[in-house]
Amino acid sequence: MQVTIVDYGIGNLFSVTRALERCGGEVTLSDDPVVIENSARLILPGVGAFAGGMQGLRDRALVDPIRQYAKSGRPFLGICLGMQLLATVSEEFGVHEGLDLIPGRVTPIPNRTIEGTPHKIPHIGWNGLLAHRGRSWNDSPLADTREGTAVYLVHSYEVVPDDPEDRLANCLYGGHNVCAAINRGSISGFQFHPEKSGESGLRMLKRFLCK
């Protein structure tokens with residue numbers, strides 16, 4: 001179960017690596033374009049700002065290799081900032097172009113509940129996953145995951161896919177459906193941190209490794 005983690009100078013690589021190893025993964029950390037483009041499975045992790053993440057990829061000439069990898073149909077998972085980088089554009093601190101692998105826009109989480117009461121941003125803590133409009137989780141890294149499974153999130157922005165069918169799961173925050181996972185073909189993204197989400201998160205990673 002070989003898997004490559006993209007090392008682009010940003011993100012909590014150690015905890016993701018340890019989690020994958022616990023799941024039986026043979027992990028390679030790499031910023032080598034050739035290694036990344038030819039990986040068996042690819043994970044793009046990340047924490048921090050969207051613009052900094054894209055700059056880290058550009059500085060290492062990784063944008064085109066990642067796009068070429070995505071065309072191959074091999075399993076690809078973005079985690080937290082890595083999920084947001086899959087989108088077309090972000091509104092975080094200006095407008096910034098992303099990888100455009102799952103067309104959509106990264107927008108701020110509403111800073112008020114549906115009743116109009118201010119609530120805390122960023123959204124931090126445990127929340128339950130809900131299927132978007134009853135979308136099936138079969139043939140995705142969420143397969144065998146029960147609705148309501150709690151995962152750990154830390155984010156101020158969410159991905160809004162252009163095609164609602166690319167939206168895999170939500171969580172409720174202040175009454176709003178906030179995007180928690182996306183999927184298009186072999187490409188998936190988790191806004192939450194599976195490596196920090198206990199045994200449930202490890203099962204999701206193992207499911208990804210077994211694809």
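This briefing walks through the sheets, backbone features, aromatic pairs and cysteines of the structure above. Please keep in mind that the model is predicted. Two open sheets are described here: one has eight strands and another has four strands. Along the way you will also meet a cis peptide bond, three aromatic pairs and cysteines that form zero disulfides.

**The eight-stranded sheet**

- Reading across this open sheet, the strand order is β2-β1-β3-β4-β14-β13-β12-β9, and the pairing is mixed.
- Strands β2 (26-30) and β9 are the edge strands, and each of them pairs on one side only.
- Inside the order, β1 (residues 2-6) pairs with β3 (residues 42-44) in the parallel sense, over two bridges.
- For a landmark in this pairing, look for isoleucine 5, which stands opposite isoleucine 43 in β3.
- Helix α4 (residues 63-71) lies across four strands of this order, namely β1, β3, β4 (76-79) and β14 (187-190).
- The helix α4 runs at about 130° to β4.

**The four-stranded sheet**

- This open sheet has the order β6-β5-β7-β11, again written from one edge to the other, with mixed pairing.
- At its edges stand β6 and β11 (157-161); each has a single partner strand, so one side of each is left without a neighbour in the sheet.
- Strands β5 and β7 run parallel and are joined by two bridges.
- To find this pairing, start from valine 89, whose bridge partner in β7 is arginine 105.

**Backbone features in the loops**

- Some background helps here: most residues other than glycine have a negative phi, and most peptide bonds are trans.
- A cis peptide bond is found between isoleucine 121 and proline 122, with omega at about 10°.
- Proline 122 sits in the loop that runs between β7 (104-108) and β8 (123-128).
- Phenylalanine 93 is not a glycine, yet its phi is positive, at about 55°.
- You can find phenylalanine 93 in the loop between β5 (89-90) and β6 (96-97), and its relative accessibility of 66% counts as exposed.
- Aspartate 139 also has a positive phi, near 60°, in a residue other than glycine.
- The loop that holds aspartate 139 lies between β9 (130-131) and β10 (150-155), and at 60% relative accessibility aspartate 139 counts as exposed.

**A buried loop residue**

- Threonine 113 belongs to the loop between β7 and β8.
- Is threonine 113 buried or exposed? Threonine 113 has a relative accessible area of 15%, so it is buried, as the cut-off for that label is under 20%.
- Leaving aside residues up to four places away in sequence, threonine 113 touches His119, Gly174 and His176.

**Aromatic pairs**

- The structure holds three aromatic pairs, and two of them are described below.
- One of the pairs is edge-to-face: tyrosine 69 and phenylalanine 76 are 5.8 Å apart centre to centre, with 85° between the planes.
- Both partners lie out of reach at the surface probe: tyrosine 69 counts as buried at 0% relative accessibility, and phenylalanine 76 is buried with a relative accessible area of 0%.
- Another pair joins phenylalanine 190 and phenylalanine 192, whose ring centres are 4.5 Å apart and whose planes meet at 20°, so this pair is stacked.
- Phenylalanine 190 counts as buried at 0% relative accessibility, and phenylalanine 192 counts as buried at 0% as well.

**Cysteines**

- How many disulfides are there? The count comes to zero.
- Why is cysteine 23 without a bond? The closest cysteine sulfur, in cysteine 210, is 8.8 Å from the sulfur of cysteine 23, which is too far because a disulfide needs the two sulfur atoms within 2.5 Å.
- Cysteine 23 is buried, with a relative accessible area of 7%.
- Cysteine 80 is in no disulfide either: the nearest cysteine sulfur, that of cysteine 171, is 12 Å away.
- At 7% relative accessibility, cysteine 80 counts as buried.

Technical notes:
Residues are numbered from 1 along each chain as its sequence is written. This is a predicted model: local features need pLDDT of at least 70, side-chain atom pairs count only at pLDDT 80 or more; totals for chains, interfaces and linings use all residues. Side-chain values use heavy atoms; hydrogens and water are left out. Buried means under 20% relative accessible area, exposed over 50%, partly exposed in between (1.4 Å probe, protein chains only). Rings of Phe, Tyr and Trp (its six-membered ring) pair if their centres lie within 6.5 Å; planes under 30 degrees apart count as stacked, over 60 as edge-to-face and the rest as tilted. Contact means heavy atoms within 4.5 Å. Two strands pair if DSSP finds at least two bridges between them. Axes are lines fitted to C-alpha atoms, for helices over the stretch in contact, and angles run from 0 to 180 degrees between N-to-C directions.
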